[in-house]
Amino acid sequence: MLNLKEYHRPKDLTEAVALLQRKQPRTVVLSGGTWLVGEAPRDVEAVVDIADLGLNRILVEGNLVRIGAAVTHQQLVESEQLRTSALRVISETAQAMSGLNIRNRATIGGAIVTADAASPLVTALLACDAEVVIAGAKDKTKQADDPSDFWKVLPLAGFLAYRRQILDEGTLITEVRMPLPSPDTRSHYARVARTPRDYPIVCAVAAFAMKDGIAGHVRIAVGGVAATPIRLSRLEFGLEKKRLADWLDREMEAQMALLDPPGDWLGSAEYRKEMARVLVRRAILAVAGAS
Ligand SMILES: Cc1cc2nc3c(=O)[nH]c(=O)nc-3n(C[C@H](O)[C@H](O)[C@H](O)COP(=O)(O)OP(=O)(O)OC[C@H]3O[C@@H](n4cnc5c(N)ncnc54)[C@H](O)[C@@H]3O)c2cc1C
C-alpha cells in the first residue's frame with residue numbers, strides 16, 4: 001500500500017460506511033490484510049479496518065447460521081457450530097484455502113471479495129446456499145432518506161457476479177449467512193490438485209438429503225471451470241426429487257455439455273471439464289453413500 005495516507009478503525013458501522021462512501025480519498029475495507037497489503041491498487045489512500053465492528057462471531061439463530069465478515073478461515077476450521085451438520089464442508093474447505101499463518105488472518109469477507117476460479121471455501125459456501133449481507137447499499141428506487149435503504153442481502157452467486165460494482169459504491173460486507181441444513185443433509189468436497197496439500201485446480205461440493213434413493217434439496221457447486229466458482233443449477237434441478245440411480249448419468253451429461261472452462265497453465269479447458277465431471281460425480285456418490 002504505497003500511497004496510504006489514512007488508517008481508520010471505527011467502532012461503529014455507520015461511521016465505517018460514511019468513511020467508505022467519501023468521494024476522496026479512495027478508501028477501501030481492510031480486513032485480514034493478507035491480500036490488500038500486497039495487492040492494493042495504487043490509488044488506495046485510506047483504509048477502514050473492520051476489526052472493532054464485532055463482525056468476528058459465528059452465531060446460530062433459529063434456522064440461520066450467521067458468520068461475521070471478519071471471521072477468520074481458522075475460526076471456520078475450529079467452529080463447533082459448523083461441525084455438527086452438513087456445514088462442516090465449510091470448515092473443511094477453509095482448511096484447504098492456505099497454511100495456518102494465512103488462515104489465522106484471512107477472513108471470510110476477504111475470501112469472497114478476492115474469490116478466484118477454484119476457491120474451495122467459496123465453492124462450499126455456494127453449495128450451502130450462502131447469502132451476503134451488505135451495509136451501505138443504495139437502492140435507487142427508494143427515497144434518499146429511507147432508513148431501510150442501508151442493508152442489502154444478495155445470494156452469493158449474485159454478489160460474485162457484481163462484486164466490483166457493489167463494493168465501488170462504498171459498501172461493506174457485514175456477514176455471510178445460510179440456512180441450517182436439515183439433520184439428514186450430507187455434504188462432500190472433492191478436488192484435484194498438483195499435490196495432496198496444494199490449492200485445487202478443480203473442486204466440487206455436493207450437498208443434499210437422500211431418502212429411499214431419492215435426492216432432495218440438491219445443491220452442487222464447482223470451482224475451476226469459470227472466473228469464480230459456480231452452482232450447477234441445471235444438474236440440481238435435474239436431480240431434485242428423482243431416483244439418483246435412474247437420473248444421474250443423463251443429467252450429468254446435460255450439465256457438463258453447458259460447461260465451457262477456460263484453459264491455463266494449470267489445466268487445459270478439456271482437462272478442467274473432465275475433472276469437473278469426475279469430481280461432481282464423486283461428490284454426489286459420496287453424499288448418496290453416506291446417507
Ligand atoms: C502468502 C499468501 C498466500 C495466500 N494464499 C492464498 C491461497 O492459497 N488461496 C487464496 O484464496 N488466497 C490466498 N491468499 C490471498 C488472501 O489470503 C485471501 O484472498 C484472503 O481470503 C483475503 O482475506 P483478508 O481478510 O486477508 O482480506 P484483505 O486482504 O483484508 O482484503 C481483500 C479484499 O477484500 C476487501 N474486503 C475484505 N473484507 C471486506 C468486507 N467485509 N467488506 C468489503 N470488502 C472487504 C478488501 O477491501 C480488499 O479489496 C494468500 C495471500 C498471501 C499473502
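Strand β11 (residues 214–223) pairs with β12 in the antiparallel sense, over two bridges; here two strands count as paired if DSSP finds at least two bridges between them. Helices (H or I, at least four residues) and strands (E, at least two) are DSSP runs, numbered from the N terminus. In this pairing, alanine 221 faces arginine 231 of β12. The model is predicted: local features need pLDDT of at least 70 and side-chain atom pairs count only at pLDDT 80 or more, while totals for chains, interfaces and linings use all residues. Residues are numbered from 1 along each chain as its sequence is written.

The wider setting of these two strands is an open sheet of four, ordered β9-β10-β11-β12, with antiparallel pairing. Its edges are β9 (185–192) and β12 (230–231), each of which pairs on one side only. Helix α8 (residues 120–127) packs on the sheet and touches β9, β10 (202–211), β11 and β12; contact requires that the C-beta atoms of two residues, placed from the backbone, lie within 7 Å. The direction of α8 makes about 155 degrees with that of β11, where axes are lines fitted to C-alpha atoms, for helices over the stretch in contact, and angles run from 0 to 180 degrees between N-to-C directions.

Inside the sheet, β10 has a partner on either side: it pairs in the antiparallel sense with β9 over eight bridges and with β11, again antiparallel, over eight bridges. Alanine 209 of β10 helps to trace this arrangement, standing opposite threonine 185 and also opposite glycine 216 in β11. A hairpin links β10 and β11, with two residues between them, and aspartate 212 in its turn has a positive phi of about 50 degrees. Strand β10 is mostly covered, with seven of its ten residues buried. A residue is called buried if 20 or more other C-beta atoms lie within 10 Å of its own, exposed if 12 or fewer, and partly exposed in between, with C-beta atoms placed from the backbone.

The sheet also takes part in covering helix α5 (88–95). The buried residues of α5 are Val89, Ile90, Ser91, Thr93 and Ala94, and what covers them includes α3 (73–78), α4 (80–83), α6 (100–103), α8, β9 and β10.

On a broader scale, the protein is divided into domain 1 (1–181) and domain 2 (185–290), with bounds that come from an automatic or database domain assignment. The C-alpha centres of the two domains lie 26 Å apart. Across the boundary, 19 residues of domain 1 are in contact with 24 residues of domain 2. On the domain 1 side, the elements that give two or more residues are α5, α8 and α9 (156–168), and α8 gives the most, with six. By class, this side has 14 nonpolar, three polar and two charged residues; Ala, Val, Leu, Ile, Met, Phe, Trp, Tyr, Cys and Pro count as nonpolar, Asp, Glu, Lys and Arg as charged, and the others, Gly among them, as polar.

Turning to the ligand, 29 residues lie around it, and Gly32, Thr107, Gly109, Gly110 and Val113 come nearest. A residue is near a molecule or strand if its C-beta atom, placed from the backbone, lies within 6 Å of it. At least two residues of this shell come from each of β2 (27–30), α2 (36–39), α7 (108–113) and β8 (172–179), and α7 gives the most, with four. The shell has 16 nonpolar, eleven polar and two charged residues.

Several backbone details deserve a look. Most residues other than glycine have a negative phi, and most peptide bonds are trans. A cis peptide bond joins glutamine 24 and proline 25, with omega of about -10 degrees, and proline 25 is found in the loop between α1 (13–20) and β2. Aspartate 129, in the loop between α8 and β6 (131–135), has a positive phi near 65 degrees. It counts as partly exposed because 17 C-beta neighbours lie inside 10 Å. For lysine 241, phi is positive too, near 60 degrees, and the residue is found in the loop between α10 (233–239) and α11 (244–256). Lysine 241 is exposed, because 9 other C-beta atoms lie within 10 Å.

Finally, tyrosine 271 is found in helix α12 (residues 269–290) and is partly exposed, with 16 other C-beta atoms within 10 Å. Tyrosine 271 and lysine 23 are 248 residues apart in sequence and 45 Å apart in space, C-alpha to C-alpha.
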